[in-house]
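Reader: Please take one part of this model, the pockets and the ligand site, and go through it closely. I would like the cut-offs stated along with the values.

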Amino acid sequence: MDLSRFPRRVYTEHPTPLEFAPRFSQALATTCPGGKGPRVWIKRDDMLGLFPGGNKTRKLEFLAADALEKGATTLVTCGAPQSNHCRITLAAAVKEGLRCRFVIEERVPGSYSSTASGNNFMFNLMGVEAITVVPGGSNMAEAMQKVADEVTAQGGKAYIIPGGGSNALGGLGYVACAQELQQQFYDMGVTIDRVVVGSGSSGTHGGLLAGFLGNHIDIPIVGIGVSRDPADQEPLVYKEAQAVADLLNVGLTIPRDKVVSVGGYWQPKYSIPNDMMVEAVQMLARSEGILLDPVYTGKIMAGLIGLARKGFFNPDENVMFLHTGGLPSLHAYEQVVLTGEH
Ligand SMILES: *Cc1c(COP(=O)(O)O)cnc(C)c1O
């Protein structure tokens, strides 16, 4: 798949590491049927640029480049109160000399505090221009258009980025990741049997799937839902993957059965802690010294752990966990993750 005809800004100098996690694999195996579990590898997309970067960095490489090409002065985007996507969009804006405004959706009533730590602290430190807070379930596209109209009225030119950066253009970031992985597997001589990714606004899962299929990488992908069970999540991912394939114009039709997600690990609600998340965060921190976040990667790793315990993976399988970042929100949940009380 040829990405070279799309404008792109580069925010990470090198491929992110792909690391074997032997102590974590061992700790997991002792809790699996017959004491055997998969060999777990971690793709360190928590080490992407726009520090501390995460999966949104890859999407922003294409989205910010498009905004610059269109002469934008201000990026407008949306997210939850501890949104990694908002933070990384702001970092990209700062780096490019653009301004940035957010619409924050209070999916949990009363959860936005202008003095909160974590990502919110960084919003202020990096100089967000304006934050509009709206109630959960609001029409985010409309709310962002309103902000964009204000920018226009003030003589600027807004560029609206949808939640999570998950449109076809943002999804190209994970086509690029698929190509990076293909080279990395070859260079390292590693055979990965299955990939586990988070599945939220779906640009990561959908983009990676389009990238794997389009580049003939025959490795099944399992998405772990962070806010929806499969009946609601899979259609979103399917649509995103096809939109990415269509943008690339390579005649690729996404087979519906390649879109696989798993539910049951995100409850009781998006961003609200559960015991499985706490166990996953503690287990990886204490076996490998690698930190996960409570909103996304903690629940995604809980999904990998849960599937391993159900015997979903073969014991000799090499499973790659995509670490999508999110570290700053950990600081807004320190006591929960340390004590398990929530
Ligand atoms: C946004 C995000 C995800 C989910 O990715 P989508 O592309 O929205 O599906 C996973 N992990 C982290 C840390 C995120 O910030």
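Author: What follows covers the largest pocket, the ligand, the second largest pocket and some backbone details. The model is predicted, so local features need pLDDT of at least 70 and side-chain atom pairs count only at pLDDT 80 or more, while totals for chains, interfaces and linings use all residues. Residues are numbered from 1 along each chain as its sequence is written, and side-chain values use heavy atoms, with hydrogens and water left out.

The largest pocket holds about 700 Å³ of space. A pocket here is an open set of points on a 1 Å grid over the protein atoms alone, where a 1.4 Å probe fits, with protein on both sides within 12 Å along at least five of seven lines; lining residues have an atom within 4 Å of a point. Grid points are joined across faces, edges and corners, and the volume is the space filled by probe spheres set on the points. The lining has 38 residues, and G163, G164, G200, S201 and S202 are the closest to the centre. Two or more lining residues come from each of α2 (55-69), β3 (74-79), α3 (84-96), β7 (194-199), α7 (203-214), α8 (230-248) and α10 (297-309). Helices (H or I, at least four residues) and strands (E, at least two) are DSSP runs, numbered from the N terminus. By class, the lining of the largest pocket has 10 nonpolar, 21 polar and seven charged residues. Nonpolar means Ala, Val, Leu, Ile, Met, Phe, Trp, Tyr, Cys and Pro, charged means Asp, Glu, Lys and Arg, and the others, Gly among them, are polar. Domain 1 (18-54 + 167-339) and domain 2 (56-165) each supply at least three residues to this lining; the domain bounds come from an automatic or database domain assignment.

Around the ligand there are 15 residues, with K56, K59, S201, T204 and T324 nearest; a residue counts if one of its heavy atoms lies within 4 Å. Polar contacts are pairs of N or O atoms within 3.5 Å. A side-chain N or O atom of S201 is 2.5 Å from a ligand oxygen atom. Backbone N or O atoms also lie by ligand oxygen atoms, at 2.7 Å for G200 and at 3.4 Å for G203. The ligand alone exposes 380 Å², of which the protein buries 98%, by the Shrake-Rupley method with a 1.4 Å probe.

The second largest pocket has a volume of about 260 Å³. Its lining has 16 residues, with P81, Q82, S111, S271 and Y333 nearest the centre. Of these lining residues, 10 are nonpolar, five polar and one charged. Domain 1 and domain 2 each give at least three residues to this lining too.

As for the backbone, the peptide bond from F51 to P52 is cis, with omega near -10 degrees, and P52 sits in the loop between β2 (39-44) and α2.

Methods: Polar contact = N/O pair within 3.5 Å; in protein donor to acceptor, adjacent residues only side chain to side chain.
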